[in-house]
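Student: I would like a close look at a single part of this model. Please take the largest pocket, then follow the strands and loops that lead away from there.

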Amino acid sequence: TAATTPSASPSKSAEDSRFPEKVVYAGRTDDGSAAIAVAVLGDQAAAYFCDGRNVEAWFRGTVDGGDISLKGRGGATLQAELDDDHIKGTVKIKNDTLRFEINEAKKPAGVYRARGSQTTIGWIVLEDGSQLGVQTSGGDSSAAPQLDPENPQVTAGGESLDAAPVNGDEEL
């Protein structure tokens, strides 16, 4: 007789707990202090966290079934799991751990990034049209300029930058 493993749950099929091939989730942290967006493409994922003022982190990693495990600079981590049509998890940055539960982001909602010679800008556009972003030039970070997802060009540090949606497989 074959032994049954406790990890096999009859109530959920493997198909139910897998991410779509290409999907983006976006929303606010549970405490409302920041926003987070997670982009999945196949078995790769990228995420962006920011408070809209001066704290941000980019994450990269892999998708395993319904679980996402991502790493950022300075030991920052993001762990999330698929829960029906949304994801929930935690993001750890420096000494803070923030919980989130975010839904799928329908365009133009999502995560965007622009990169120039001196400046990198990240934005999270939420379902209600509001957005949070951080612009970093050298060692200085500040609130990002407003992004128009329909015409995603911004000027930063005298450069015209094109913002593009983040899909999940980018090198960040």
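Tutor: What follows starts at the pocket and then moves outward, strand by strand.

The model is a predicted one. Begin with the space itself. The largest pocket holds about 520 Å³. Its lining counts 20 residues, and those closest to the centre are Glu56, Ala57, Trp58, Gly72 and Arg73. By class, the lining divides into seven nonpolar, six polar and seven charged residues.

Which strands supply at least two residues of the lining each? They are S4, residues 56-64, and S9, residues 110-115. S4 gives the largest share, with five residues.

One contact deserves a stop here. Arg113 sits over the face of Trp58, 4.3 Å from the ring centre. Trp58 is also among the residues closest to the pocket centre.

Now follow S4 to its partner. S4 and S5 run antiparallel and are joined by five bridges. Within this pairing, Arg60 has Lys71 of S5 as its bridge partner. The hairpin of S4 and S5 has two residues between the strands. In that hairpin, Gly65 adopts a positive phi near 65 degrees.

S5 covers residues 67-71, and its side chains alternate. In a regular strand, side chains alternate between the two faces of the sheet. Ile68 and Leu70 point to one face and are buried. Asp67, Ser69 and Lys71 point to the other face and are not buried.

S5 continues the pattern on to S6, residues 77-83. Five bridges join S5 and S6, again in the antiparallel sense. Lys71 finds its bridge partner in S6 at Thr77. Lys71 is also the bridge partner of Arg60. The hairpin of S5 and S6 has five residues between the strands, and Gly74 there takes a positive phi near 65 degrees.

Gly72 belongs to the loop between S5 and S6. This glycine is one of the residues closest to the pocket centre. Is Gly72 buried, partly exposed or exposed? Gly72 has a relative accessible area of 21%, so it counts as partly exposed; the cut-off for buried is under 20%. The C-alpha atoms of Gly72 and Arg60 are 6.6 Å apart, with the two residues twelve positions from each other along the chain.

Two loops further along hold a positive phi at a residue other than glycine. Asp84 lies in the loop between S6 and S7, residues 86-93. Its phi is near 60 degrees. Asp84 is exposed, at 61% relative accessibility. Lys94 is placed in the loop between S7 and S8. Lys94 has a positive phi of about 50 degrees. At 78% relative accessibility, Lys94 is exposed too.

Next comes the approach to S9. Pro108 lies in the loop between S8, residues 96-104, and S9. The peptide bond from Lys107 to Pro108 is cis, with omega near 10 degrees.

S9 brings us to the sheet on this side of the pocket. Five strands form an open sheet, in the order S12-S11-S10-S9-S15, with antiparallel pairing. S12, residues 140-143, and S15, residues 164-165, stand at the edges; each has a single partner strand, so one side of each lacks a neighbour in the sheet.

Work through the sheet from S9. S9 and S10 pair over six bridges, antiparallel. Val111 stands opposite Ile124 of S10. Three residues connect S9 to S10 in a hairpin.

S10, residues 119-125, has six of its seven residues buried, so the strand is largely enclosed by the rest of the structure. Seven bridges join S10 to S11, which run antiparallel. In that pairing, Trp123 stands opposite Gly133 of S11. The hairpin of S10 and S11 has five residues between the strands. Gly129, in its turn, has a positive phi of about 90 degrees.

S11, residues 131-137, pairs with S12 over four bridges, also antiparallel. Thr136 stands opposite Ser141 of S12. S12 is one of the edge strands.

One last item concerns the aromatic rings. The whole structure contains two aromatic pairs. In the pair of Phe19 and Tyr25, the ring centres are 6.0 Å apart and the planes stand at 75 degrees, so the pair is edge-to-face. Phe19 and Tyr25 are both buried.

Definitions and conventions: Residues are numbered from 1 along each chain as its sequence is written. This is a predicted model: local features need pLDDT of at least 70, side-chain atom pairs count only at pLDDT 80 or more; totals for chains, interfaces and linings use all residues. Side-chain values use heavy atoms; hydrogens and water are left out. Two strands pair if DSSP finds at least two bridges between them. On a 1 Å grid over the protein atoms alone, a cavity is a set of points where a 1.4 Å probe fits but cannot get out, and a pocket is an open set with protein on both sides within 12 Å along at least five of seven lines; lining residues have an atom within 4 Å of a point. Grid points are joined across faces, edges and corners, and a volume is the space filled by probe spheres set on the points. Ala, Val, Leu, Ile, Met, Phe, Trp, Tyr, Cys and Pro count as nonpolar, Asp, Glu, Lys and Arg as charged, and the others, Gly among them, as polar. Rings of Phe, Tyr and Trp (its six-membered ring) pair if their centres lie within 6.5 Å; planes under 30 degrees apart count as stacked, over 60 as edge-to-face and the rest as tilted. Buried means under 20% relative accessible area, exposed over 50%, partly exposed in between (1.4 Å probe, protein chains only). A charge sits over a ring if NZ of Lys or CZ of Arg is within 6 Å of the ring centre and within 35 degrees of the ring normal.
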